[in-house]
Amino acid sequence: MTKEYVKAIGVDFDGVIHDYARGWQGGLIYGEMLPGAAESLRALMETYAVFIHTTREPHTVVPWMKDRGFHAEADNDPGRRFWDTTGTLLVTQRKLVAIAFIDDRAIPHRTWDQTMQAVAQLY
Ligand SMILES: [Mg+2]
């Protein structure tokens, strides 16, 4: 019998969960959760292993998420490739294996022609 793995989804933090209305402020997490973020994360966490993929230091994001009622932990495993736990947010700076990434800065890639057109339209 084949083991059934929980599928993982990576979620960006700034501009997706945190409003990031004033851009980078020296690492300070000053804003609030974006509308729909809390409910959507909770729904995703029931089915998927959700990890927050951020350039921020994980130990700064974990308490912010905990203050908002989420079970969250910082990634302390430098060799980690996977996250397969539902119900707990892993906060990591690593790009882990995932079926999808939710990111406000992403360009969905299908063909290089389409991708290069999207890059040309960046401001
Ligand atoms: Mg972002």
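Partly exposed means a relative accessible area between the buried limit of under 20% and the exposed limit of over 50%. I keep that cut-off at hand for Y20, which has 22% relative accessibility and so counts as partly exposed. The model I am reading is a predicted one.

**Entry: Y20 and the β1–α1 loop**

I looked up where Y20 sits. Y20 is in the loop between β1 and α1, a helix covering residues 37-47. I then checked its backbone. The phi of Y20 is near 55 degrees, a positive value in a residue that is not glycine. I note the background: most residues other than glycine have a negative phi.

G15 lies in the loop between β1 and α1. I found G15 partly exposed, at a relative accessible area of 26%. What does G15 touch, leaving aside neighbours within four places in sequence? I find Y20, L34 and D104 in contact with G15. For L34 I also took a distance. G15 and L34 stand 19 residues apart in sequence, and their C-alpha atoms are 7.8 Å apart.

**Entry: the magnesium ion**

D104 led me on to the metal. Which protein donors hold the magnesium ion? I find D12 (OD), D14 (O) and D104 (OD), at 2.0 to 2.2 Å from the ion. Along the sequence the donor residues follow the spacing D-x1-D-x89-D. D12 belongs to strand β1 (residues 8-12), while D104 is in the loop between β5 (100-102) and α3 (112-120), so this pair ties together parts 92 residues apart in sequence.

I compared accessibility next. Is D12 buried or exposed? D12 is buried, because its relative accessibility is 12%. D104 is partly exposed, at 39%.

**Entry: I107 and a surface patch**

I stayed with the loop between β5 and α3, where I107 is found. I107 is partly exposed, with a relative accessible area of 31%. I107 helps make a nonpolar surface patch of about 510 Å². The other members I noted are W112, M116, V119 and L122.

**Entry: helix α2**

Which residues of α2 (residues 58-67) are buried? I list P58, V61, V62, W64 and M65. I recall that an α-helix has 3.6 residues a turn, so residues three or four places apart point the same way. I then asked what covers the buried residues of α2. The cover includes α1, β2 (49-53), β3 and β4. After α2 comes G69, and its phi is positive, near 90 degrees.

**Entry: the β3–β4 loop**

I looked up two residues here. T88 is in the loop between β3 (72-74) and β4 (89-92). T88 is buried, with a relative accessible area of 8%. Its side chain makes a polar contact of 2.8 Å with the side chain of H71. Not counting residues up to four places away in sequence, T88 touches M45, V50, H71, A72, E73 and W83.

D84 is in the loop between β3 and β4. D84 counts as partly exposed, at 40% relative accessibility. Which residues does D84 touch, not counting those up to four places away in sequence? I find V6 and A49. I also checked D84 against R94, which is 10 residues away along the chain. Their C-alpha atoms are separated by 15 Å.

Note on methods: Residues numbered from 1 in each chain as written. Predicted model: local features only at pLDDT ≥ 70, side-chain atom pairs only at ≥ 80, totals over all residues. Heavy atoms only, no water. Donors = N, O, S within 2.8 Å, 3.2 Å for Na, K, Ca; no water. Helix = DSSP H or I, 4+ residues; strand = E, 2+ residues; numbered from the N terminus. Buried < 20%, exposed > 50% of the residue type's maximum accessible area, 1.4 Å probe, protein only. Polar contact = N/O pair within 3.5 Å; in protein donor to acceptor, adjacent residues only side chain to side chain. Contact = heavy atoms within 4.5 Å. Patch = residues over 30% accessible without salt bridge, like charges linked within 9 Å, V, L, I, M, F, W, Y side chains within 5 Å. Areas by Shrake-Rupley, 256 points an atom, 1.4 Å probe, with all protein chains shown as cover. Salt bridge = Lys/Arg side-chain N within 4 Å of Asp/Glu carboxyl O.
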